[in-house]
Amino acid sequence: MSEPQPNGATTPTTRRTPHGPFRPGDQVQLTDPKGRINTITLQPGKLYHSHKGSVPHDAIIGNPEGTVYRSTGGVEYLAFRPLLADFALRMPRGAAVVYPKDAAQIIAMADIFPGARVVEAGAGSGALSCFLLRAVGEHGLLSSYERRPDFADIARTNVEKFFGAPHPAWRLTVGSLEHHLTETDIDRVVLDMLAPWECLDTAAQALVPGGILCAYIATTTQMSRVVEDLRAHGRFAEPTASETMLRTWHVDGLAVRPDHRMIGHTGFLVTARRLADGVTPPARRRRPAKAAHPAPDEPATREPAPAPATPEPATPGLATPGHTTES
Ligand SMILES: C[S@@+](CC[C@H](N)C(=O)[O-])C[C@H]1O[C@@H](n2cnc3c(N)ncnc32)[C@H](O)[C@@H]1O
């Protein structure tokens with residue numbers, strides 16, 4: 001059974017809600033005392049088997065999250081529904097997924113809001129699609145494009161598994177964004193692909209004035225290319241580029257320190273806003289550093305280091321302010 005929606009998609013009646021007592025069909029993360037996690041899908045009459053005995057699914061169904069179950073072998077398992085961040089890191093992958101820390105930044109920096117009309121390419125494994133669908137909600141639109149049919153199948157399976165059914169706000173098109181995009185009046189375009197600069201015309205065509213293009217790229221050469229092409233394009237305002245690092249901490253009594261291992265690199269974000277039609281981007285006020293654009297016959301040199309900041313006069317009794325003023 002399906003109901004028509006304003007965005008042209010349909011609402012299935014079997015969507016999963018991520019709260020309340022455990023129900024048949026829910027995914028459950030069972031964590032053992034060593035922190036090892038196993039994810040199961042609840043089915044009446046089934047047993048979860050480990051090398052330390054079993055736990056009947058029926059013992060979990062109907063109970064709240066955060067409860068503990070003892071297996072027939074005496075091991076205790078803590079049961080929660082997986083969070084989207086857990087699901088995204090453990091889902092079957094075709095293409096590399098966007099990590100939760102970057103998905104969070106994409107939601108913030110691309111300003112994805114409930115009800116937004118968003119275009120995404122490529123859908124890859126569907127991890128970012130899940131985060132974007134959460135942010136646009138049931139009355140928004142996420143139109144995802146993926147040029148590889150095998151990856152599109154993986155994305156569809158992952159998204160439907162996470163939400164428990166097809167999401168009413170989601171359209172998935174198999175094909176290249178630049179050849180298949182049909183939507184107009186789009187608020188945000190999010191690109192996670194090798195060559196986002198090939199999609200700038202398409203994105204500019206689809207975006208509303210003030211809309212945001214957000215490109216997630218893995219290397220500095222891609223970042224440079226997309227930023228320079230956005231500047232040269234003429235329909236976008238000055239882009240911004242950033243990287244987000246996440247360091248987890250070990251906190252145990254007096255042993256409080258950063259974890260020894262971290263994910264050292266994932267990717268960079270570039271965002272730029274769509275100008276109104278017919279508007280020329282304002283000239284950049286700051287002149288680029290000389291070394292940034294050497295003449296073709298000139299050897300490239302390092303960009304000069306910025307002059308040291310002049311310390312602000314200290315105010316007695318006050319800490320030195322942490323900000324600097326732009327000249
Ligand atoms: C790194 S993956 C995307 C991963 C995805 N964001 C996720 O979190 O699961 C990049 C994907 O972009 C697809 N792709 C590359 N260029 C494309 C284009 N022009 N149009 C549509 N898909 C494209 C590739 O096939 C690949 O699956």
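These legends go with four close-up views of a predicted model.

**View 1. The protein chain as a whole.** Here's the predicted fold, with eight helices and 17 strands in the protein chain. The protein chain has 327 residues, and 31% of them count as buried. If you take the contacts with a separation of 6 or more, 60% come from residues 24 or more positions apart.

**View 2. The shell around the ligand.** Zoom in on the ligand and you'll find 23 residues surrounding it. A95, G122, G124, A127 and M193 are the closest. Three elements, α4 (127-136), β10 (141-146) and α6 (177-180), each put at least two residues into this shell. By type, the shell splits into 13 nonpolar residues, five polar and five charged.

**View 3. R93 and its surroundings.** R93 sits in the loop that runs between α2 (84-90) and α3 (100-109). Is R93 buried or exposed? It falls in between: R93 is partly exposed, because 16 other C-beta atoms lie within 10 Å, and being buried would take 20 or more. Look for I154 too: R93 and I154 are 61 residues apart in sequence, yet their C-alpha atoms are 7.1 Å apart in space.

**View 4. Confidence, and the two ends of the chain.** Mean pLDDT for the protein chain is 89, with 87% of residues at 70 or more. Over residues 1-14, though, pLDDT is below 50, and this stretch makes 23 contacts in the model beyond near neighbours in sequence. Residues 312-327 also have pLDDT below 50, with four such contacts in the model. Where pLDDT is low, don't read the predicted coordinates in detail.

Terms used: Residues numbered from 1 in each chain as written. Predicted model: local features only at pLDDT ≥ 70, side-chain atom pairs only at ≥ 80, totals over all residues. Near = placed C-beta within 6 Å. Helix = DSSP H or I, 4+ residues; strand = E, 2+ residues; numbered from the N terminus. Nonpolar A, V, L, I, M, F, W, Y, C, P; charged D, E, K, R; others polar. Buried ≥ 20, exposed ≤ 12 C-beta atoms within 10 Å, placed from the backbone. Contact = placed C-beta atoms within 7 Å. pLDDT = per-residue confidence, 0-100.
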